[in-house]
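Q: I am new to this structure. Please pick one part of it and take me through that part closely, then show me how it sits among its surroundings.

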Amino acid sequence: MIVMKFGGTSVGSAEAILRVCNIIQSRLPQQPVVVTSAVGGATNKLVALTKLADRAEKDQADALVVEFVEQHHSIIAELGIADDPVFASMFETGIDMLQSA
């Protein structure tokens with residue numbers, strides 16, 4: 001078994017995610033356990049979003065949510081999975097939760 005962790009710039013674009021997939025695939029005989037974290041810049045945006053929300057700066061918070069969503073939509077579109085109904089439902093549920101917070 002091998003534990004593999006990817007996050008930040010290593011999953012920050014569709015091209016990077018495909019590279020990670022290839023790395024994982026090359027390690028299948030070792031039975032990888034894969035851990036992923038946020039795409040590059042996402043954690044900083046979420047922290048900034050909580051600060052904006054705490055200060056009731058709704059317009060700036062809304063703009064940051066849009067930027068966050070667009071970043072992820074772009075990656076999803078490039079990967080060609082935007083039309084997958086299961087994935088789309090999960091993604092939209094997550095976005096709904098983010099926007100209602």
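A: A helix here is a DSSP run of H or I with at least four residues, and helices are numbered from the N terminus. The part to look at is helix 3, residues 58-79. Keep in mind that this is a predicted model.

Start with the setting. The chain has 101 residues. It holds four helices and two strands. Read from the N terminus, the order of elements is β-α-β-α-α-α. The C-alpha trace spans about 50 × 25 × 20 Å along its principal axes. Of the residues in the chain, 27% count as buried.

Now helix 3 itself. This helix has 22 residues. At 1.5 Å a residue, they should span 32 Å. The C-alpha atoms at the two ends are 32 Å apart, so the expected span and the model agree.

Next, ask which way the residues face. Buried in helix 3 are Ala-61, Leu-64, Val-65, Phe-68, Val-69, Gln-71, His-72, Ile-75 and Ile-76. These residues cover an arc of only 150° around the axis, so they lie on the same side of helix 3. A general rule helps in reading such a list. An α-helix has 3.6 residues a turn, so residues three or four places apart point the same way. The other side of helix 3 carries exposed residues: Asp-59, Glu-70 and Glu-78.

What does the buried side meet? The buried residues of helix 3 pack against helix 1 (14-26) and strand 2 (32-39). They also pack against helix 2 (42-54) and helix 4 (85-100).

Gln-71 is worth a stop. This residue is found in helix 3. Its relative accessibility is 18%, which is under the 20% cut-off, so Gln-71 counts as buried. Leave out residues up to four places away in sequence, and Gln-71 touches Val-39, Gly-40 and Lys-45. Phe-87 comes 16 residues away from Gln-71 along the chain. The C-alpha atoms of Gln-71 and Phe-87 are separated by 16 Å.

Lys-45 leads to the neighbour across the way, because this residue, with a relative accessible area of 17%, is buried and lies in helix 2. Setting aside neighbours within four places in sequence, Lys-45 is in contact with Leu-64, Glu-67, Phe-68 and Gln-71. Of these contacts, Leu-64, Phe-68 and Gln-71 are among the buried residues of helix 3.

Helix 2 can be read in the way just used for helix 3. Its 13 residues should span 18 Å at 1.5 Å a residue. Its end C-alpha atoms are 18 Å apart, which agrees. Ala-42, Lys-45, Leu-49 and Leu-52 are its buried residues. They cover an arc of only 80° around the axis, which puts them on the same side of helix 2. Asn-44, Thr-50 and Asp-54 are exposed, on the face turned away from that buried side. The cover over the buried residues of helix 2 includes strand 2, helix 3 and helix 4.

Now go to the link into helix 3. Ala-56 lies in the loop between helix 2 and helix 3. Its phi is positive, near 55°, although the residue is not a glycine. Ala-56 has a relative accessible area of 65%, over the 50% cut-off, so it is exposed.

At the other end, Gly-80 follows helix 3. Its phi is positive too, near 75°.

One more loop residue has a positive phi. Gln-31 sits between helix 1 and strand 2. Its phi is about 55°, and it is not a glycine. With 57% relative accessibility, Gln-31 counts as exposed.

Finally, step back to the chain. Among contacts with a separation of 6 or more, 61% join residues 24 or more positions apart. The accessible surface comes to about 6,800 Å², and carbon and sulfur atoms account for 59% of it. The chain carries 7 positive and 12 negative charges, and the mean positions of the two sets are 12 Å apart.

To recap the part you asked about: helix 3 has its buried residues on one side and Asp-59, Glu-70 and Glu-78 exposed on the other. The buried residues pack against helix 1, strand 2, helix 2 and helix 4. Gln-71 and Lys-45 touch each other across helix 3 and helix 2.

Key: Residues are numbered from 1 along each chain as its sequence is written. This is a predicted model: local features need pLDDT of at least 70, side-chain atom pairs count only at pLDDT 80 or more; totals for chains, interfaces and linings use all residues. Side-chain values use heavy atoms; hydrogens and water are left out. The expected span of a helix is 1.5 Å times one less than its number of residues. Buried means under 20% relative accessible area, exposed over 50%, partly exposed in between (1.4 Å probe, protein chains only). The arc is that of the directions from the helix axis to the C-beta atoms. Contact means heavy atoms within 4.5 Å. Accessible areas come from the Shrake-Rupley method with a 1.4 Å probe; for residues, only the protein chains shown count as cover. Lys and Arg count as positive and Asp and Glu as negative; His and the chain ends are not counted. The place of a charge is taken as NZ of Lys, CZ of Arg, CG of Asp or CD of Glu.
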